[in-house]
Amino acid sequence: MREMIFGGRAVLTEAQPTGMQKMAGMMWAPMLLMGLMIVFASLGLSVVKANFASDYFGVTKAVREAADAPAYLIDKRQFIESVNVWLPGFQLLGIGLILSAITFSLANILGVFRAGGVQIQKAFGAEPQTITPPITAKLFPMFMMMGLMILIVNLIIAGIIGAIAWDVYGNSVAEINAAAPGSSLLGDQGTVNSYKAWLEPFKFVGLATILVGISLAVHTILQVIRFQGQRIRELAAGN
Amino acid sequence: MSIEHRTDLIPSPPIQTTIYPLLIAAGFAIVVSALGIAVVLATVANDVFNNAKEARDAAAVGTSLLARQGDLATFPLWVQPFKFVGLTLLISGIFTVFWGLLRSLREARGAAMVESIPVLLKGSSPRETEGS
């Protein structure tokens, strides 16, 4: 039990990182790149949305909300309202990928510590021992993946609700306002508003899960550092 | 092959390793409770939008329809910063564990290196100590 939580010790014959650490060494850069691309694509979309909003509010309220409002105004509002549903989730997926790249970098550092520790012990002619993964080392990749899954699921749901918002706001404001109880138009408005209410904090749960993973990864490095301190003293004592 | 895990030659873990899980747990709990509040608000929104706009706009003072519209307008105003308090605690937890890492580098590994490396180098052959 103690070994499962704090890690035990094992003798390594080869100075190599674990499979997960090797993968982390390769994956951090693509994750970072994807995250940055998403964040900048979101910025571009927001600029387009801002331009549309500027055009939309460039006409009087009477024109915007008339039953025979110009089609170009309806199209702009349709775009704005639909993008408003899924763009925040898309942006946070970008941030989540960047935070995952940080998690992978921390796993990569653990791999370097593992391989380097074995090399040094071999250089001094000692038995190359390493710390077996403590519970934090087993948990942090799971938290990172769970966080990313939450962000992806959030984006998928937001995409579906964005499509419903696209249908709703394809109608003029007058038609939307006149939707009768029991009509599909009013039902869809309710769906869009209720899903938007909980999707907003849901994506932050994903982000929080990734942050928990980062804290566990740093704690794992701390445990490795302590192990190395102990092992250096043992080597000096001739153990 | 598993060997007993000893920590008798290094100081006990820094206090930060005890504090950071509390910050992380509190931060995560706040973010999850913000989601819980939002789920309740979503059901309120669903009820409100079952009524036509004309009915929503005409809701009289004291009616449940107006009260629920008020909830929809007011709750997000404090739930949003509340959620960010949770994120702040999470980031503070990460900062705290980094602080503990720094202390471990200095007090466990650094101190061990300062004391042990001269001993280890004395015990090594001249060729090894020159690194050639």
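Which helix gives the most to the lining of the largest cavity? In this predicted model, that element is helix 4 of chain A, with three residues. The search of the whole structure returned one cavity of 30 Å³ or more, and its space amounts to about 50 Å³. The residues that line the cavity are Y56(A), R64(A), A69(A), L73(A), I74(A), R77(A), Y169(A), N171(A), S172(A) and V173(A). By class, this lining comprises six nonpolar, two polar and two charged residues.

Open pockets were examined next. The largest pocket holds about 560 Å³ of space. Its lining consists of 34 residues, and those nearest the pocket centre are F113(A), R114(A), T130(A), V224(A) and Q228(A). Both chains take part in this lining: at least two residues each are supplied by helix 2 (19-56), helix 4 (71-123), strand 2 (129-131), helix 5 (135-168) and helix 7 (184-236) of chain A, and by helix 3 (64-123) of chain B. Helix 4 of chain A, which also gives the most to the lining of the largest cavity, accounts for the largest share of the lining of the largest pocket, with nine residues. The lining of the largest pocket divides into 20 nonpolar, ten polar and four charged residues.

The second largest pocket contains about 450 Å³ of space. It is lined by 26 residues, with N193(A), K196(A), A197(A), E200(A) and P76(B) lying nearest its centre. Two or more residues of this lining come from each of helix 4, helix 5 and helix 7 of chain A, and from each of helix 1 (16-48) and helix 3 of chain B. In terms of class, the lining of the second largest pocket has 16 nonpolar, six polar and four charged residues. Helix 3 of chain B thus appears among the contributors to the largest pocket and among those to the second largest pocket.

Salt bridges were also searched for over all chains, and nine were found in the whole structure. One of them joins D47(B) to R68(B), with the closest N and O atoms 3.5 Å apart. D47(B) belongs to helix 1 of chain B and R68(B) to helix 3 of chain B, so this pair ties together parts that are 21 residues apart in sequence. D47(B) has a relative accessibility of 35% and therefore counts as partly exposed. R68(B), at 24%, is likewise classed as partly exposed.

Two further salt bridges lie within single helices of chain B. The side chains of D57(B) and K53(B) meet with an N to O distance of 2.8 Å. Both residues are in helix 2 (residues 53-57) of chain B, where they are separated by four residues, about one turn of the helix. D57(B) is exposed, at 54% relative accessibility, whereas K53(B) is partly exposed, with a relative accessible area of 26%.

The other pair, R103(B) and E107(B), forms a salt bridge at 3.0 Å, N to O. R103(B) and E107(B) are both placed in helix 3 of chain B, again four residues apart, or about one turn of the helix. R103(B) counts as partly exposed because its relative accessibility is 23%. E107(B), with a relative accessibility of 33%, also counts as partly exposed.

Methods:
Residues are numbered from 1 along each chain as its sequence is written. Chains are lettered from A and ligands numbered from 1 in the order in which they are written. This is a predicted model: local features need pLDDT of at least 70, side-chain atom pairs count only at pLDDT 80 or more; totals for chains, interfaces and linings use all residues. Side-chain values use heavy atoms; hydrogens and water are left out. On a 1 Å grid over the protein atoms alone, a cavity is a set of points where a 1.4 Å probe fits but cannot get out, and a pocket is an open set with protein on both sides within 12 Å along at least five of seven lines; lining residues have an atom within 4 Å of a point. Grid points are joined across faces, edges and corners, and a volume is the space filled by probe spheres set on the points. Ala, Val, Leu, Ile, Met, Phe, Trp, Tyr, Cys and Pro count as nonpolar, Asp, Glu, Lys and Arg as charged, and the others, Gly among them, as polar. A salt bridge is a side-chain nitrogen of Lys or Arg within 4 Å of a carboxyl oxygen of Asp or Glu. Buried means under 20% relative accessible area, exposed over 50%, partly exposed in between (1.4 Å probe, protein chains only).
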